[in-house]
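I opened the file to go through its cysteines, its sheet and its internal space. The entries below follow the order in which I looked things up.

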Amino acid sequence: MQKIVRFSRPAAILGLCALFIVCAVCRKGDQDSGPSRAKTSAFDKLAQTPPLGWNSWNKFGCNVDEKMIRGMAEAMVSRGLKAAGYEYVVIDDCWQISRDERGDILADPERFPSGIKALAAYIHSLGLKFGLNSCAGTKTCAGRPGSQGYEEQDARQYAAWGVDYLQYNWCHTEGLVAQPAYKKMRAALESAGRPIVFSICEWGRSEPWLWAKGVGHLWRTTGDIEDKWESIIKILDLQAGLEGYAGPGHWNDPDMLEVGNGGLTFEESKAHFSLWCLLAAPLMAGNDLRSMTKEAAFILTNKDVIAVDQDKLGVQGRRLRQDGPSEVWVKPLADLSKAVVLLNRGPAPAEISVSWKELGVETSTAEVRDLWLRNDLGRFLGGYSAKVPSHGVVMVKVKASNIVL
Ligand code: GAL
């Protein structure tokens with residue numbers, strides 16, 4: 001029997017008034033300026049999964065202009081990246097040229113004749129988000145004006161332009177200490193009032209994984225990636241052991257992707273992308289999306305592999321085992337399954353296996369899905385083994401089976 005509680009009319013009116021007052025106070029809190037709780041939490045809620053997008057640096061360096069950036073945003077939609085979850089279009093260094101008499105940062109008028117605000121609005125009109133790069137020092141790495149001494153002014157400008165993402169570098173910072181310098185920009189962004197993903201880029205020098213949670217949403221852990229296999233492997237090795245520092249809203253960043261830039265074979269590109277997804281890395285494509293090959297698009301838009309990166313549990317994968325050039329990497333997922341990358345770093349194909357026991361799968365059989373073939377392979381007893389090409393991976397999802405043999 002349901003119990004029905006009846007209120008007298010005055011009590012009900014009093015109750016309604018109290019509710020109204022409480023709501024009004026809450027709303028006022030939302031609207032107050034300054035780093036209010038509401039704004040802080042808007043910032044803290046950003047990047048609950050690693051950001052996905054595109055950045056100009058790896059392919060274009062300083063050669064950026066509004067026509068190319070517009071084209072890249074359009075290609076992000078037409079080549080299926082938006083549908084696969086990519087969101088941010090970020091102009092790296094060299095969009096800025098000087099400051100005006102008030103100290104406001106100015107975009108290069110020849111390369112960005114319509115201005116940054118119009119460019120951001122166009123990118124937003126495509127359902128995407130827009131990002132810029134700056135630097136904690138006096139100059140950017142390419143020698144353009146940096147933000148030192150202009151943090152709040154720049155943050156206000158970014159907010160007014162509609163910027164959603166800021167990559168903040170560490171060149172020309174003589175005399176500065178990373179933690180306070182990045183905290184300063186984070187506070188400036190927060191008080192400018194627009195939620196902006198804050199990407200810390202000091203190449204891992206001050207071990208930002210130890211202090212940057214709550215300051216940036218992601219932090220680079222290494223120097224710049226290069227478009228070659230040795231660089232991918234070197235960066236990968238530097239990620240092992242950092243897995244405990246990442247989680248929703250705060251990610252280790254092993255740098256942007258080189259898929260589609262020509263220096264990696266198809267297998268190497270798949271391996272690079274698989275490993276970045278296993279590491280819950282931010283996925284910033286770095287190639288020319290307008291002219292990319294079908295193979296590059298196939299890799300960048302594989303929804304099964306991206307789902308590993310974007311998994312809601314937000315746990316960065318780790319190296320489980322290393323036997324010479326053969327490695328096994330594992331990432332626990334929210335549905336209690338495990339993503340597994342079998343990596344062959346060696347010069348010849350290799351058979352690599354993983355047992356359910358070492359994965360912590362408690363049933364004797366488990367379902368295996370190959371994430372590149374996008375195919376359920378069936379139920380396997382005790383473990384899984386595959387022939388892995390040289391400089392390549394096999395990536396599977398392993399889920400404990402309900403059927404006990
Ligand atoms: C580097 C940074 C790159 C890119 C470049 C621009 O320091 O690591 O990702 O932003 O500066 O000059």
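Entry 1, Cys-62 and its partner. I looked up Cys-62 in this predicted model and found a relative accessibility of 32%. Buried means under 20% and exposed over 50%, so I put Cys-62 down as partly exposed. I then followed its sulfur and found a disulfide to Cys-94, with an S to S distance of 1.7 Å. The torsion about that S-S bond is -40 degrees, and I noted the link of Cys-62 and Cys-94 as left-handed. Cys-62 sits in the loop between α3 (57-60) and α4 (66-78), while Cys-94 sits in the loop between β2 (88-91) and β3 (96-99), so the bond ties together parts that are 32 residues apart in sequence. Cys-94 has a relative accessibility of 1%, and I entered it as buried.

Entry 2, the other disulfide. My search of the whole structure returned two disulfides. Besides the pair above, Cys-141 is joined to Cys-171, and their sulfur atoms are 2.1 Å apart. The torsion about this S-S bond is about 95 degrees, so I recorded the disulfide of Cys-141 and Cys-171 as right-handed. I placed Cys-141 in the loop between β5 (129-135) and α6 (151-161), and Cys-171 in the loop between β6 (165-169) and α7 (178-192); the two are 30 residues apart and link distant parts of the chain. Cys-141 is partly exposed at 36% relative accessible area, whereas Cys-171 counts as buried at 16%.

Entry 3, pattern and remaining cysteines. Counting bonded cysteines along the chain, I get the pattern 1-2, 3-4. Cys-135 is in no disulfide, and the nearest cysteine sulfur, that of Cys-141, lies 4.8 Å away. The cut-off for a disulfide is a pair of sulfur atoms within 2.5 Å. I found Cys-135 buried, with a relative accessible area of 0%. I also looked up Cys-277, which is buried with a relative accessible area of 0%.

Entry 4, the sheet. In what order do the strands of the open sheet run? I read eight strands in the order β9-β8-β7-β6-β5-β2-β1-β10, with parallel pairing. The edges are β9 (251-253) and β10 (283-285), each of which pairs on one side only. Ignoring direction, neighbouring strands of this sheet are turned by 25 degrees against each other on average. I checked one pairing in detail: β7 (residues 197-200) and β8 (residues 218-220) run parallel and are joined by two bridges. Ile-200 has Trp-219 in β8 as its bridge partner.

Entry 5, internal space. How many cavities of 30 Å³ or more does the whole structure hold? My search gave one, and the volume of the largest cavity is about 60 Å³. Its lining is made up of Asn-55, Tyr-165, Gln-167, Ser-199, Cys-201, Arg-220, Asp-253, Asp-255, Met-256 and Met-284. By class I have four nonpolar, three polar and three charged residues in that lining.

Entry 6, Ala-118. I located Ala-118 in helix α5 (residues 116-125). Ala-118 has 31% relative accessibility, so I entered it as partly exposed. Its C-alpha atom is separated by 8.1 Å from that of Trp-161, a residue 43 positions away along the chain.

Notes
Residues numbered from 1 in each chain as written. Predicted model: local features only at pLDDT ≥ 70, side-chain atom pairs only at ≥ 80, totals over all residues. Heavy atoms only, no water. Buried < 20%, exposed > 50% of the residue type's maximum accessible area, 1.4 Å probe, protein only. Pairing = 2+ DSSP bridges. Axes fitted to C-alpha atoms, helices over the stretch in contact; angles between N-to-C directions. 1 Å grid on protein atoms, 1.4 Å probe; cavity = no way out; pocket = protein on both sides within 12 Å on 5 of 7 lines; lining within 4 Å. Points joined across faces, edges and corners; volume = space filled by probe spheres on them. Nonpolar A, V, L, I, M, F, W, Y, C, P; charged D, E, K, R; others polar.
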